Amino acid sequence: MQQLRPAEQLELKLHVNGVSRTCTVHPMARLLDVLREDLRLTGTKEGCGEGECGACAVMVDGKLVCSCLIPALQVQSAQIKTVEGLAPSPESLDAVQRAFIECGGAQCGICTPGMLLAAHALLERHPHPTELQIREGLAGNLCRCTGYTKIFSAIVRACEERS
Amino acid sequence: MKISKTLDADAIGSSPPRKEGAAKVTGRAQYIDDLHFADVVHGVTVRSSVARARIRAVHFLPGVPWEQIFVVSAADISDGGGHNAIALIEHDQPCLAGSVVNHQEEAVLLLGHPDRGIAERARNLVKIDYEPLPPIFDMDESLAQGESKAHLIWGANNLFKEFEIQKGDLQAGWAAAEIVCEGDYETGAQEQLYIEPQGMAAEWHSDGSVTVLGSMQCPYYIHKALTHLFGLPDEKVRIIQTETGGGFGGKEEYPSMIAAHAALLARKAGRPAKIIYDRIEDMVATTKRHPSRTRIRTGWLRSGQMVAQDIDFRIDGGAYMTLSPVVLSRGGLHAAGPYVCPNVRVRARAAATNAPPHGAFRGFGAPQSVFAIERHLDEVAAQLGLHPEELRARNFVHDGQTLASSQVVRDHVDMNELLARGLALSDFSRKREEFSLSNRAAQEQRGPKRRGIGLATFMHGCGFTGSGERMLGSVVAVDSDENGRIRIRASSTEIGQGTNTIFTQIAVDTLGIAADLVDVVRPDTAEVPNSGPTVASRTTMVVGRLVAEACQGLRAQLRSAELLAEGHSSADFQRACVEHHRKIGPLRATAQYQPPPNVNWDDKTYRGDAYATYGWAVYIAEVEVDLVTYETRVCDFWAVQEVGKVVHPVLAAGQIEGGVAQAVGYALYEKVVWKEGRMQNGQMTNYIMPTSMDVPRIHVDFAEVPTPFGPRGAKGIGELPMDGTAPAILNAVEHATGLRVRHIPMTPEDLMVAALAAEAAPCSN
Amino acid sequence: MRAYLPEYEAVSARSLVEALTLLAQNPADARGRWQPLAGGTDLMVLFGVGKLPAGRYLNLLGVGELHGIDVTPSHVDLRALSTYSDVRDHQVLQREFPSLVQAAIDSGAIAIQNRGTIGGNIANASPAADTPPALLSYDAEIELVSLRGARWLPYAEFHTGYKETKRAPDELIARVRLPRLSSQDPERQQFRHYYRKVGTRRAQAISKVCLAGTALAVGGQLVKPRLAFGSVAPMPLRCPRTEEVLAAGPLDAGRIQAAQAMLSEEIRPIDDVRSSAAYRLRVAQNLLADFVAAALTPRPA
């Protein structure tokens, strides 16, 4: 932890996956680092640090965002959802997670957490998305392994299961 | 062997769920930066800002508490009794630059501090004084200067490797030729762009040993590099692979460098050290695909028979050798294509330049040379007045004929059938007609869109070239624990391609046991034998076969101990293992690679069986070009390949789809912008890989002609899709627009230049 | 690249007055004046690659007065913290200002659209910004506020050079106003919108050339054409001389070529890491012709 003057420290209160968390951080600390380092939630990944790859995607107050672009002081009291909060219980998976496994939507897995959040955001907006809507909804999440093809299939499969 | 119904879903040919899939979709999978080390020091690398220079002085400017910062230089390596080199083919690449640097971004110093922000700030406060030396950035200039000895930047003549493949009598070929065609083709560098940046962590122990964990493809490469660097015996170095977020070759050899750095820093600090590259650093400093230039000159009979083939293939290896000789080897051996030609010469050279060293990237030389030959053949077809597919059909190699390396094709191949399949699936001929007509109409009406369809036909050798597999002598071990759980031990890494799942399937298939009885041991040099690197499309075919053999060995031990009958169930097998443990002792079997008989390769003459077997493919691209913006959109894509045996249909298709997408990037988007030997666009904002909006629909079709060399006949497939995609796309663009572009990436800017040139000189060719 | 956090000071403003009070300060120390921080999609990218200047940053996202899109009969006001998503999903904007909506759709991808703001996009003053050409094509006005008061100016006057604007250091962009054509106005039927961004790929792309155009299509002619380009000059710009050529008569091949020639004099594209001056010029000219063709295409009744 860097040595800061007390006036420069922020008492950050967050609700992460439904659980209240507090930590003391620099106001400009990236939400990504707060999650990974202060809260030890390492499911959210850093792929580029410049908001291009989407590996750091989380939901803040119900909206999909890149956590590498958000300073801590902008998420005071916010509701955050990360990949760790998707499964209904530690022993089960949600429909999208199951579909990713069944359809081969995850290969190396590094883009998967962000991709799952993007999938959720997409399905909230378009419960039965067209191919174009799927492509647009995932356009901010880069995957180098799959060529996206089986991620598209996984989303279609998840829709079928949910309806 | 009887396999019960419930086991079929997990056997070879089925698509069981990814072994580590649940961990990946819940965020529980642990990549190196997810691991927390108490008391860790974060490392950053101070790098050269000039391409070639002598180091005169190093200054540490005020602004950080330098007394808290650990500094490692080249002196720390030799002072510690080690060798300042990253051991690979040669030992020419220093771990840390000593008195000279030979490329921009070369590592000079390591800095470490517990606070990442302070370490980063310190990096910017190191100032190095250089005395510049004249660099060379162009591979042909390097070859020329090297040949004349006028300007040497590496070795005696700037040449990492050179060889020639010869077949028949080229002069006789020219004499017989009725038409001669010539062309120069060029491919640019390409960044692997795994989404997880390179990262390593190291920790020393009180017994003088070191453990390194991180993102990697080849734990034993790192092991060899560190034993050499530190002068340590084998048992004092332990390398462990953490979950790896993509590799594609970019984590084949480079990790040895960052592992060495982490270990050096940990030794200096007396605490664990972690180095995680930021994206810019990863892009500009680590390896990329070798740029290439190929000159092809071919001679033909009017009937479409190729009678002479002369190929001059050059690659740019960057400042140090790394794997350039092997990339050159594969590139050279694929340069002539899946065709039979009586008279062939392939000259191959890998030149040094003062760019950061280039290295392994899926395809490993073949995407470069296949691009050239497949573009060239379309040009030849046009000149001969034949359709592109007709020209190829008249020249495909058949069983019993020889490739350029004089390898006799023994595994059955029928490229004509594959071609017919591809043409039918894509409706090729009808579309070609339709697009030609609609393009003409669009031209008359001044509409902006043009459509085209194009193909490429190619092969990819599976496993290491020539005697490579023999030299590796890969070993796999399989054992059972006291509860009858089967553990597969191999150094083959899971990097997304499905190693864990495939090995499990092979064990299930061989032993008739349930998949959840099988564990694939994490690649840890203390726990697994050396089954070779995870490269060269060898994991399923070569190592997978050893997994099967080791499993057979295990079963044989149980049988000979009379603990297992024929037609056993999974439960029977588990019980037998438990009994073996109780009554006899540990149960373990190993298998080692045996070179197959009748696969003979001569490294000196570059002649013989270059690869045990090949995957064969026909790829077809359908494109739409917009002449307002000169952008090319790949609308549709068909990938037809013969792969021996599809072990896991979902994983196999996933490999093809992912490779095609990467190759779409290689063809149209992924330009590395160079200035004075440094990548200028080393950010994901400016180095453009395809998004979900940019990839076409990809239709994958597999044919199966089992090879004797792989488990149930499986060949390698990981690199195949990288080879033929780019030329198929550019062939389609030429069909769409009549514009002839001979280099990739072909950006819209490039197509515009071709379009304007064609407008200015409408009567050429 | 991990930033050196002690170099940065950051606070959140809870109201507009609080924000303006801080912006009015001019501290004498090295850290200097408070800099506005909105969605972060520009500034935090710089932060992430180690290029955000050390200093003081003022989080505006809590300032309620800067959120919202207000619709009146004569205009639509976008308050500065309207995000691309807000714009994208707004029905009146979709109907009446489709170029701006398209600009929002073409910006980044969903995660960026949820955070990036119109005010931030304008104030950052990148010549490659996606919304300014659309705003210029709609004759937008911009309101700047400070403790000294509020002032309106035509958005076309806001950008004065490369990353130079008329915003004083103590001012914030408060609103961007888009004048509406009334539903009774006969011109509504003839009004044409055009927006095309040419990026490095189809999403998550920085613009290489961008054209937003509007015009009235009357007979075979264009009346009151507005051409606004991005990425071809140090700032987003209108091309009045080219507009004049287009408006002067029937749009035959000769007029279009003359307009393209005039365009080459009005814009100043450069070579950079993404593209070339030659490409930008040629494609800008092509887009011009494409705009004309689109504008003159008769709409179904």
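Chain B carries two assigned domains: domain 1 covers 5-30 + 471-592, and domain 2 covers 396-465 + 604-760. The model is predicted. The assignment thus sets the frame for the first contact surface discussed here.

**Inside chain B**

Taken over C-alpha atoms, the centres of domain 1 and domain 2 of chain B are 35 Å apart. The two domains do touch. On the domain 1 side, 19 residues take part, and they meet 21 residues of domain 2 of chain B. Two helices of chain B, α16 (499-511) and α17 (539-560), each give two or more residues to the domain 1 side. The top contributor is α17(B), with six residues. By class, this side of domain 1 of chain B holds eight nonpolar, nine polar and two charged residues.

Helix α20 of chain B spans residues 720-737. Its residues are mostly covered: 18 of 18 are buried. Right after α20(B) comes B:Gly738. The phi of B:Gly738 is positive, near 75°.

**Chain B against chain A**

Between these chains, 43 residues of chain B are in contact with 40 residues of chain A. On the chain B side, α2 (21-26) and α19 (649-668) each supply at least two residues. Helix α19(B) gives the most, with eight residues. The chain B side divides into 18 nonpolar, 16 polar and nine charged residues.

**Chain A against chain C**

Here 28 residues of chain A meet 25 residues of chain C. Strand β4 (63-66) and helix α3 (112-125) of chain A each supply at least two residues to the chain A side. The largest share comes from β4(A), with four residues. By class, the chain A side has 16 nonpolar, eight polar and four charged residues.

**Side by side**

The table sets out the class make-up of each side described above.

| Side | Nonpolar | Polar | Charged |
|---|---|---|---|
| Domain 1 of chain B, touching domain 2 of chain B | eight residues | nine residues | two residues |
| Chain B, touching chain A | 18 residues | 16 residues | nine residues |
| Chain A, touching chain C | 16 residues | eight residues | four residues |

The leading elements can be listed in the order of the table. For domain 1 of chain B facing domain 2, the leader is α17(B), with six residues. For chain B facing chain A, the leader is α19(B), with eight residues. For chain A facing chain C, the leader is β4(A), with four residues.

Technical notes: Residues numbered from 1 in each chain as written. Chains lettered and ligands numbered in written order. Predicted model: local features only at pLDDT ≥ 70, side-chain atom pairs only at ≥ 80, totals over all residues. Contact = placed C-beta atoms within 7 Å. Nonpolar A, V, L, I, M, F, W, Y, C, P; charged D, E, K, R; others polar. Buried ≥ 20, exposed ≤ 12 C-beta atoms within 10 Å, placed from the backbone. Domains from an automatic or database assignment.
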